Amino acid sequence: MEEEHSGGVRRRWLVDVARWRPSPTQFQAAAALLPLHHRHAISRFVKEEDRKRALISRLLQYSLVHRVLGIPFHQIDICRTTEGKPYLKNGPPAFRNFNFNTSHQGDYVGIASELLCLVGLDIVCISKPQGETTVEFLKNFSSYLTDHEWNCIGHAAGSIEMLTEFYRYWCLKEAFVKAVGAGVGFGLHRLEFHHVEWSNISVYIDGIESRKWRFCLFKLDELHLASIAKGHPEDATHSFKTTLSDVVVEDEEFYAALEIPDETFTLQTAEQLTQL
């Protein structure tokens, strides 16, 4: 088991799935480490790339729990809330609010974990629209961002920078929604992000600034961005709260955990994730 403190439990892992080219036998061997219901879920994906992402996403969860908490693969029990957020059902009591979140898009699959704060992760791939202009593409999302956010996007220099600005806001919103355990019904327009050159990022929820959340953006490469959201357990959805041991947290302890600077991602390989 790795270190039993917040520093030891906090993880930021990333896998470049484009570099993993398993043979059918290697793929099946990796999938065999997971419970049967996960293998069935993975097999339902038609495209090979989607099956790879689904497998790596689940292996990241099991490997992280195994390496950080010391639970053998076959004893790990990962379930989902009614909104679909994964959580560890049989975690040691000493690890209180241990929670994690995964994301995958494009070439990358990632996971982030925290001991006390809620954590959400979102990865986006900045892709040029096909068959429509950038402005036409962005209009499809007009109801999801606020006037302030659209104004910032509109002032970007050129279509690529407009897309990049849009995806920054989008992945911040998604990271928050995933952190609290909300489903697709959460209104993204309720969130408004402010920043200074994309640092010191703050969020307004229903028009009120929240001091209980911190956000960080990462440039993974020229086409991929990632965002991490950290916040107070009391903001979790009801079903997610029932999986946490300590929703009521002393302010001093909470803010000490919240203000820990976020780290860059550590690259992992599929082979590392399958080491028992």
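## Pro86 and strand β3

Pro86 is buried, with a relative accessible area of 12%. This is a predicted model, and in it Pro86 belongs to strand β3, which covers residues 86-88. Setting aside residues up to four places away in sequence, Pro86 touches Gln61, Ile78, Cys79, Arg80 and Phe100.

There is also a long-range relation to look at here. Phe240 is 154 residues from Pro86 along the chain, yet the two C-alpha atoms are separated by 9.2 Å.

## The chain as a whole

Stepping back, the chain has ten helices and twelve strands. Its radius of gyration is 19 Å, close to the 19 Å that the globule rule gives for 276 residues, so the chain is as compact as a globular protein of that length. Along the principal axes, the C-alpha atoms fill a box of roughly 50 × 50 × 30 Å.

How much of the chain is buried? Buried residues account for 52% of the 276. If you count contacts between residues at least 6 apart in sequence, 62% of them join residues at least 24 apart. On the outside, the chain exposes about 13,500 Å², and carbon and sulfur atoms supply 51% of that area. As for charge, there are 29 positive and 36 negative side chains, with the centres of the two sets 6 Å apart.

## Helix α7 and its surroundings

Helix α7 takes in residues 159-180. At 1.5 Å a residue, its 22 residues should span 32 Å, and the end C-alpha atoms are indeed 32 Å apart, so the expected and modelled lengths agree. Is the helix enclosed or open? Of its 22 residues, 18 are buried, so α7 is largely enclosed by the rest of the structure. After the helix comes Gly181, whose phi is positive, near 85°.

Arg168 is a charged residue to inspect within α7. With a relative accessible area of 19%, Arg168 is buried, the cut-off being under 20%. Leaving aside neighbours within four places in sequence, Arg168 is in contact with Glu161, Trp198, Leu217 and Leu225.

## Cys152 in helix α6

Cys152 sits in helix α6, which runs over residues 147-154. Its relative accessible area is 24%, so Cys152 is partly exposed. Beyond residues up to four places away in sequence, Cys152 touches Glu165 and Tyr169. Both partners have numbers that fall within the 159-180 range of α7.

Phe100, already met as a contact of Pro86, gives a distance to check from here. Cys152 and Phe100 are 52 residues apart along the chain, and their C-alpha atoms are separated by 31 Å.

## Positive phi around β7 and β8

As background for the next two residues, most residues other than glycine have a negative phi. Which value does phi take at Glu197? Phi of Glu197 is near 55°, a positive value in a residue other than glycine. Glu197 lies in the loop between β7 (191-196) and β8 (199-205). This residue is exposed, with a relative accessible area of 73%.

Asn200 also has a positive phi, near 50°, and it too is a residue other than glycine. Asn200, however, lies in strand β8, where it is exposed at 64% relative accessible area. Ser202 is found in β8 as well, but at 16% relative accessibility Ser202 counts as buried. Leaving aside neighbours within four places in sequence, Ser202 is in contact with Glu192, Phe193, His194 and Glu209. Glu192, Phe193 and His194 carry numbers within the 191-196 range of β7.

## Phe265 and its many contacts

Where does Phe265 lie? Phe265 is in the loop between α9 (251-258) and β12 (266-268). Despite that loop position, Phe265 counts as buried, at 14% relative accessibility.

Not counting residues up to four places away in sequence, Phe265 touches Arg12, Trp13, Leu14, Ile111, Leu121, Phe218, Leu220, Ala226 and Ile228. For one of these partners, Ala226, a backbone distance is available: the C-alpha atoms of Phe265 and Ala226 are separated by 9.8 Å, with their positions 39 residues apart along the chain.

Conventions: Residues are numbered from 1 along each chain as its sequence is written. This is a predicted model: local features need pLDDT of at least 70, side-chain atom pairs count only at pLDDT 80 or more; totals for chains, interfaces and linings use all residues. Side-chain values use heavy atoms; hydrogens and water are left out. Helices (H or I, at least four residues) and strands (E, at least two) are DSSP runs, numbered from the N terminus. The radius of gyration is taken over C-alpha atoms; the globule rule is 2.2 Å times the number of residues to the power 0.38. Buried means under 20% relative accessible area, exposed over 50%, partly exposed in between (1.4 Å probe, protein chains only). Contact means heavy atoms within 4.5 Å. Accessible areas come from the Shrake-Rupley method with a 1.4 Å probe; for residues, only the protein chains shown count as cover. Lys and Arg count as positive and Asp and Glu as negative; His and the chain ends are not counted. The place of a charge is taken as NZ of Lys, CZ of Arg, CG of Asp or CD of Glu. The expected span of a helix is 1.5 Å times one less than its number of residues.
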